[in-house]
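Hi,

Here is the structure I said I would pass on. Have a look at it first, and my notes follow underneath.

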Amino acid sequence: FPFPYTPYRIQEQFMEALYGALEAGRVGIFESPTGTGKSLSLICGALSWLRDWEEKRRQEEARLLALGASGQDGLTPQQARPGSADTVGQPDWVTAFVQKKEERDMVDRLKEEQIRKKKREDRLEKMRHSVHLKYAAKRKRCEEDEAKRLLQLSKEAFSQGAGEGALDQLDHNEEELILAEYESDDEEKVVSGLEEDDDDLEEEHVTKIYYCSRTHSQLSQFVREVQKSPFGKDTRLVTLGSRQNLCVNEEVRRLSALQLINDRCLEMQKNKHEKKSNEENEGKKRRVSRTVCPFYSYEQMQFLRDEVLVEVKDIEQLVSLGRETKACPYYGSRFAIPAAQLVVLPYQMLLHEPTRNAAGIKLKDQVVIIDEAHNLIDTITCIHSAEVSGSQLCCAHSQLSQYMERYRKRLKAKNLMYIKQILYLLEQFVAMLGGNVNQNPGCQAVSQTGTVLKSINDFLFQSQTDNINLFKVQRYCEKSLISRKLFGFVERYGGPASAVKTNKENQKLAGLQNFLLTLQQGSDKEGDPPVEAEHDQLRTASPLMQIEGFLSALTNANQDGRVILNRQGTVGQSSLKFLLLNPAVHFAKVVEECRAVIIAGGTMQPVADFREELLCCAGVDPARIVEFSCGHVIPPENILPIILCSGPSNQQLEFTYQTRDLPQMMDETGRILCNLCNVIPGGMVCFFPSYEYEKQVYGHWEKTGLLSRLAAKKKIFQEPKKANQVEQVLMEYAKCIKRCSQTGGQMTGALLLSVVGGKMSEGINFSDDLGRSVIMVGMPYPNIRSPELQEKMTWLDKTMPRAAGQVPSRVLIENLCMKAVNQSIGRAIRHQKDFASVLLLDHRYARPAIFNKLPQWIRERTQVKPAFGSAFAELRKVRTHLSYVL
């Protein structure tokens, strides 16, 4: 395998196993701890396979074309076998004719494909070596912009000279709020990135690798690794992202909320397609000029596509290129997908089928690698779940009613029918929460509070909406862009600063303003928690967008999800939530279509839930599943994992819900930390099961004086609840450790009190002195009183077989706990020369069922210590040894 340096043996094993899985078309679960060069192993292993695959395919195509040119039968018996015709009982001449026809068709297809491929390679090669081409398109674009500007100035001058022709009945700029005529419920045509006359230019999709990760920063990091790898120069790579990350139109970017950006972008495209027909009518009646996106130029996006394919670029470089060339990076990057060998994209784009289809992603016979996949099941569940509040339902009903009243005479029959159906759905949903859509949701008290779970069918039947075809309503919302039109309407008439005339229609609009105002005041009175500006904007201005997601979720199969009615205080505070129970239904298509799927991560243990709950439920043959887990590159003596069963005063450590609040348990935890602070240098990170418990223990230590004893050795930091404060705390923590290591003295470093599943337990790098010890207080089991978790447990017990005599719901709870533990303890060892101790404070970790769920490289080095004395002696011994080594 080509590699930028001599690989570790475990990296070679990883690449060999990955190559084998891709070659055999397997579904692989791959685990490689952080610090072992997982990204490079994925890149070099997967791209080596792709290079060899392309070479084999080139040789086979050349052979077939050569045989086709000489008129010989070039197909093997298996290839020649007709796909649809049943050859049994057919005369030999019929079979031979079918075989010959298939052979001729295949050769013709190969010839066409080779012509397209040659054109593409020539174009890219020309671009690679011709610097002036890179500026020609930019110059041409500037000339076009100048011409358009002059044309616009002349039009404005003409209109001023001719006098203002008012639109009949409607105000200026209001025409764009009207819904276009909606003709067909079965219309399947979607908005394409191509112009009408450019459909024939779409290329065949070459065999490629789709690489997904969670965040855009992780994707950028991966692209930088590709750039540094031996494949960086000659790999055709394209990075995909959301409009929020790739849009370069400032007018659209200012909307900030993702759904608003999406709708505005789609509307601008629609305006571009409608522009020609509008211009034809210009002589008859003056129309309002609708905004089109200046960056949505097919010619410029073709240029951007070629630039992307010529040289590997990350998201930031792609956006800079889009601004420079005045081409849309969002669509330009999509044009590059067919010819790309490696497509880098976020989870959501690949795992959500409508988004996947809209992006032009075709998974048939392709390879998918999902990195950072430890939360894959939760991610799929979240993507396909949805929640709407009573306030949103009432607000959407009010907005839509006002919209329908104002434009009733201008809307076609189909539009009115669907709007009435949506209004009816909203009324019934609010009724299910115990409210009335015509009253302020913030003032309507709910008589029966609590949480109720229902199946989808029961919910639709009890809300009397089972007679409405939700699939058609969902399609109507997508095609008509009604939520965008409604947002424009509210922008115009819903703000307190709008000038409202006193005619009858506008008196109704004034009522909408007042209603929106009372909604806002009502929620303030009820003491709703503050939310970020963009969420606030979405909630008050365009709640229908959120509701569309809920309607879409209700189209899942009855057995795969539940509707949760959460009735709280007032109707406004109450909510409806769809919970997906079976994520496998949405993952099934990915594993069915793809040649191979690799699920990879630094900490994948325990893997049973991936295998059973996700893959087997998605219909994957167990024989197709392959598992690979490698050790770490650090020497065995560089990590000391200890399961501690009792503390310094022989108090047994068992942090159950019943015992963890006991003063003696909190005292024992404090004594353990005091002892550790005496022997462990640098930084220590202590994880608690929850924010509440961490706060409780901290308060107890303050009262007993334990906190001041701890603070004498280590400066104490606490994990903040607000995300924007995390960076500041981490900087102060790192500064303190560095200062203590340089100055010496009584203070030896810092102690960071963190929370499992919080901001510090995932994605944060506590390498070297930042994390010389990680302490896990108790076992972070999830809250089994949660209705959602209880429903999931019930569903698993009904649908999943017992594995080794264990109840599936119990296995789920243990897996959720140990995944969280494994993520947290993996924060300390980050590279080959790093060292740290890991202390698990609870005797239950020694139980075989729990112990076996630790990562293998930690498990094989773990010591179980019944008493604190022997554990403390080990820590002192290791410290002495490492001090000598370093």
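The accessible surface of the chain adds up to about 41200 Å², and carbon and sulfur atoms account for 51% of that. Do keep in mind that this is a predicted model. There are 886 residues in the chain, and 51% of them are buried.

On the secondary structure side, you'll find 34 helices and 18 strands in the chain. As for how the chain contacts itself, take the contacts between residues at least 6 apart in sequence: 81% of these join residues at least 24 apart.

One helix I looked at more closely is H20, which runs over residues 482-493. Its 12 residues reach 16 Å from the first C-alpha to the last, close to the 16 Å expected at 1.5 Å a residue. So is H20 enclosed or not? Largely enclosed by the rest of the structure, because 10 of its 12 residues are buried. Among those buried residues are Arg-484, Lys-485, Phe-487 and Tyr-493.

Arg-484 also leads to another spot worth a look: it is one of the residues touched by Arg-264. Where does Arg-264 sit? You'll find Arg-264 in helix H9, which covers residues 258-280. Arg-264 has a relative accessible area of 8%, so it counts as buried, the cut-off being under 20%. Leaving aside residues up to four places away in sequence, Arg-264 touches Glu-251, Val-252, Leu-255 and Thr-291 as well as Arg-484.

Cheers

Definitions and conventions:
Residues are numbered from 1 along each chain as its sequence is written. This is a predicted model: local features need pLDDT of at least 70, side-chain atom pairs count only at pLDDT 80 or more; totals for chains, interfaces and linings use all residues. Side-chain values use heavy atoms; hydrogens and water are left out. Helices (H or I, at least four residues) and strands (E, at least two) are DSSP runs, numbered from the N terminus. Buried means under 20% relative accessible area, exposed over 50%, partly exposed in between (1.4 Å probe, protein chains only). Contact means heavy atoms within 4.5 Å. Accessible areas come from the Shrake-Rupley method with a 1.4 Å probe; for residues, only the protein chains shown count as cover. The expected span of a helix is 1.5 Å times one less than its number of residues.
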